[in-house]
Amino acid sequence: MANTQALLFLLSLVSAVLTAANVQAQSMPPEGPVSVTFTATQITPLKPMPIGGGKEFVIINQAMAASNDAGNPVLNNMGGRCQLTRLTDPSAKTVELHGYCTYADNEGDQIFEQCDFLPGAPNNCKLTGGTGKFEGLQAALTISGGPVKGNFDGIGQVVGHKKGMYKIVKTTN
């Protein structure tokens, strides 16, 4: 009888481990929606540089935090950093932004993002890959949001949303 109980216990333990492994493997569907809330905080004060014709160029360095609204692993509970360039043309009343972001989760897996905000166009970014479970990640995202009133002089803060669809594109070696 003791051997039967031990065998049943061992089988239930193996089943629990296999179930947990299966749930973990299924937690990252190969494609799906992205709905993320993010915050951005300017790390260093902006120092615009005049480049002639009234235009200004500035490099923006931001600390990021992202949370997936549905709990999907894509950009969920991830910290990151963005480095962007901003070109301001007061005579044309335009602002153009270009840059890259890298996010990391608690396991160290990363997601890479490229952003291009052009005058008169929607604010778009794309996920261009990642490491670990995010390898092959691709997504087109629409970005919305805006500045919030901060209580630190010279430090800008933004709250916004990223929406789109992602897919994992596996490459063969």
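A strand here is a DSSP run of E at least two residues long, and strands are numbered from the N terminus. That's the word you need for G54, which is found in the loop between strand 2 and strand 3. One thing to keep in mind throughout: this is a predicted model.

**Figure 1. The whole chain has one helix and nine strands.** Follow the sequence and you get the pattern α-β-β-β-β-β-β-β-β-β, with the helix ahead of the strands. Of the 173 residues in the protein chain, 28% are buried. The chain exposes about 10800 Å², and carbon and sulfur atoms supply 60% of that area. What share of the contacts between residues at least 6 apart in sequence join residues at least 24 apart? For this chain, it's 47%.

**Figure 2. Strand 2 and strand 3 make a hairpin.** Strand 2 covers residues 49-52 and strand 3 covers residues 55-68. The two run antiparallel, and three bridges join them. At the turn, look for G52, which stands opposite K55 in strand 3. There are two residues between the strands, and G53 takes a positive phi near 65°.

**Figure 3. A closer look at G54, in the loop between strand 2 and strand 3.** Is G54 buried or exposed, or somewhere in between? Its relative accessibility is 48%, so it counts as partly exposed; the cut-off for exposed is over 50%. Leave out residues up to four places away in sequence, and G54 touches T88 and P90. You can also find A92 in this view: A92 is 38 residues from G54 along the chain, and their C-alpha atoms are separated by 10.0 Å.

**Figure 4. C82 and C101 form a disulfide.** As a reminder, a disulfide is a covalent bond between the sulfur atoms of two cysteines. A search of the whole structure finds two disulfides. In the link of C82 and C101, the sulfur atoms are 1.9 Å apart. This link is right-handed, with 110° about the S-S bond. It ties together distant parts of the chain: C82 sits in strand 4 (residues 78-89) and C101 in strand 5 (residues 94-104), 19 residues apart. Both C82 and C101 are buried.

**Figure 5. Another disulfide joins C115 to C125.** The S to S distance in this pair is 2.0 Å. Why is the disulfide of C115 and C125 called right-handed? It's because the torsion about its S-S bond is about 110°. This pair links distant parts of the chain as well, with C115 in strand 6 (residues 110-117) and C125 in strand 7 (residues 124-130), ten residues apart. C115 and C125 are both buried. Number the bonded cysteines in sequence order, and the pairing reads 1-2, 3-4.

**Figure 6. The largest nonpolar core has 29 residues.** Which residues have the most contacts inside this core? They are V74, L75, Y103, I111, L127, L137 and Y166. Strand 1 (31-42), strand 3, strand 4, strand 5, strand 6, strand 7, strand 8 (137-148) and strand 9 (157-168) each supply at least two residues of the core.

**Figure 7. L137 and the residues it contacts.** Set aside the neighbours within four places in sequence, and L137 is in contact with V74, I111, L127, T128, G129, Y166, K167 and I168. Some names here should ring a bell from the core view: V74, I111, L127 and Y166 are among the residues with the most contacts inside the core, and so is L137.

Notes
Residues are numbered from 1 along each chain as its sequence is written. This is a predicted model: local features need pLDDT of at least 70, side-chain atom pairs count only at pLDDT 80 or more; totals for chains, interfaces and linings use all residues. Side-chain values use heavy atoms; hydrogens and water are left out. Two strands pair if DSSP finds at least two bridges between them. Helices (H or I, at least four residues) and strands (E, at least two) are DSSP runs, numbered from the N terminus. Buried means under 20% relative accessible area, exposed over 50%, partly exposed in between (1.4 Å probe, protein chains only). Contact means heavy atoms within 4.5 Å. Accessible areas come from the Shrake-Rupley method with a 1.4 Å probe; for residues, only the protein chains shown count as cover. A disulfide is a pair of cysteine sulfur atoms within 2.5 Å. A nonpolar core is a set of buried Ala, Val, Leu, Ile, Met, Phe, Trp, Tyr and Cys residues joined through side-chain atoms within 4.5 Å.
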